[in-house]
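Student: Could we go through this structure together, and could you show me how each label is justified by its definition?

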Amino acid sequence: MDKISNFTSPPTTALEWINYLQGKHGSQLSQIRRYAEYYEGRQETMPFSQAIYNTAFGDTFRSWSDNFCALIVDAVNERMKVIGFRMTKDPDADEDAHAIWQRNQMDVQSSAAHLDAMIHGESYAIVWAGVDGEPVISCESAEHVVVQYKPGSRTELDAAAKFFTDDWGRDHVTLWTPEYLYTSVTGDHGWLEPVRARNPLGVVPVVPISNRLRLTGTAQSDLKAIIPLQDAINKTITDALVASEMAAFPARFVTGLEIAEDADGNPIEPFRVAIDKVLQAEDPNAKFGQFQAADLSNYGTLVDLLTKHLASIARLPHWMIDSTGQPATGEGAEAAEYGLVAKIRERILHFGRAWVEVMRLCFKVKKDRRADAFDASVIWADVENRSEAQHMDALVKLFSLGVPAAVLWERAGFTPQEIDRFPALLEDQEELIGSYPSAISGDGSSGTDKTVDPAEMAATAPQGNAGNSARKRAGDDGTRR
């Protein structure tokens, strides 16, 4: 009987909570690790093969896999980047929040947390006070952390625990409840009596980063629907490799030739067939031939069909995963990536709320009123891939509609820290133009006297022979030859 089924009522002591959460974690661990194996491409590659395949080619193909699982997750993760926070109604990014984020190296940790959440279905962020009193953020895998929600709630935690094994093989656990923090290690007969410390935050300081969370059930891995198709692709390609190995040299035959036998009555192979050998026989009735080579094109057709299904389910543009596809350009590329972009926006909607909760806990550690900033939001980098000309042209049009420049700078991809520097840089630029107008204006007029039209600056340069007049003005014409 497992440790979960031993409980018929909520745990009441620290040891009961540790044993309960350990059992809950153990029941999920095999599935969590299975998803990780598929992402890393370490899954079994010949699970459906006949025994003769495994006997003859198991060692040859066992470590091989045509792995799309990593591509499907990485295509989303590489476009998700947190660049700032707005903790209040102030339109500017919160500098204190950014400082906390950078101090904890969250630009790297957050990417790993997003990655694990999409692979395992969930990852976790733990907030606590460091020795200097500053908030410390630690991102953790679902392979080590498990949580328990309060009855009837999908947001408030009753308890959370982190299990890990040190380099000497000793098991450790840290248990958080709203009132206390407990730590323990394993002894000869299970967990030792936990050491207790007060929890000054008054809440469980563990934030689940959930992927594809529904109103019922648990968070889901992005690989759950992909694994059956990945197995089918691996099986098909493995069959093709085995068939190509068996049919590498077309089988040859000879008729009209007497079969020679050894002293034991076993037939003797009459020829040593090789690429540089010629077969000949003295018997004029002997005829040579070869069987038709195996046609492997059907395997390619089936693999193409499976990869197209996989791309549709993963919401990837077909050209990213289909060997016969071509990347689209211009508006076609934007339309082809619509499903992928929509998928990323759905992910950052849920992940963003988790990071806001993490930052609120950080300010709670600092006893800052921003701990109650329920209207806070995350500033994400642009998730769309567009040509620079197309992007800038759209921003110029928005500027003509009266959209503030600060908003356009953000949409152009500048970070909040870069935008904060712009006012001072613009003042320096105006001073430079006033002192050295010729540095900006080619005709010697003051740069401050001429109004620059953004649309004119963003216009496409003349094409074709339109550049001839410019070359003539520069003296680059026939008179120089």
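Student: Why is Asp90 called partly exposed?

Tutor: The relative accessible area of Asp90 is 39%, and buried means under 20%, exposed over 50% and partly exposed in between, with a 1.4 Å probe and protein chains only, so Asp90 is partly exposed. This is a predicted model, in which local features need pLDDT of at least 70 and side-chain atom pairs count only at pLDDT 80 or more, while totals for chains, interfaces and linings use all residues. Residues are numbered from 1 along each chain as its sequence is written, and side-chain values use heavy atoms, with hydrogens and water left out.

Student: Where does Asp90 lie, and in what patch does it gather?

Tutor: Asp90 sits in the loop between strand S1 (82-86) and helix H4 (95-103), where helices (H or I, at least four residues) and strands (E, at least two) are DSSP runs numbered from the N terminus. On the surface, Asp90, Asp92, Glu95 and Asp420 form a patch of negative charge; such patches take residues with over 30% relative accessible area and no salt bridge, and join like charges within 9 Å.

Student: What makes the contact of Glu134 and Arg103 a salt bridge?

Tutor: A salt bridge is a side-chain nitrogen of Lys or Arg within 4 Å of a carboxyl oxygen of Asp or Glu, and the N to O distance for Glu134 and Arg103 is 3.4 Å, so their side chains meet in a salt bridge. Glu134 belongs to the loop between strand S2 (122-129) and strand S3 (135-141) and Arg103 to helix H4, so this pair ties together parts that are 31 residues apart in sequence. Both partners are partly exposed, Glu134 at 21% relative accessibility and Arg103 at 45%.

Student: How do you know that Glu384 and Arg345 meet in a salt bridge, and what does the pair link?

Tutor: Their N to O distance is 3.0 Å, so the pair satisfies the definition of a salt bridge. The pair links distant parts of the chain, 39 residues apart, with Glu384 in the loop between strand S13 (377-380) and helix H10 (388-400), and Arg345 in helix H9. Glu384 has a relative accessible area of 23% and Arg345 one of 40%, and each counts as partly exposed.

Student: What separates Lys397 and Asp393, whose side chains also meet in a salt bridge?

Tutor: The two residues are four apart in helix H10, which means that about one helical turn separates them, and the N to O distance of their salt bridge is 2.5 Å.

Student: How do you know that the span of helix H9 agrees with what it should be?

Tutor: The expected span is 1.5 Å times one less than the number of residues. For the 28 residues of H9 (residues 338-365) this gives 40 Å, and the end C-alpha atoms are 40 Å apart, so the two values agree.

Student: What is notable about phi at Lys367, and why is this residue called exposed?

Tutor: Most residues other than glycine have a negative phi. Lys367, which is not a glycine, has a positive phi of about 55°, and its place is in the loop between H9 and S13. Its relative accessibility is 76%, so Lys367 counts as exposed.

Technical notes. Patches are made of residues with over 30% relative accessible area and no salt bridge: like charges are joined within 9 Å, nonpolar side chains (Val, Leu, Ile, Met, Phe, Trp, Tyr) within 5 Å. Accessible areas come from the Shrake-Rupley method with a 1.4 Å probe; for residues, only the protein chains shown count as cover. Lys and Arg count as positive and Asp and Glu as negative; His and the chain ends are not counted. The place of a charge is taken as NZ of Lys, CZ of Arg, CG of Asp or CD of Glu.
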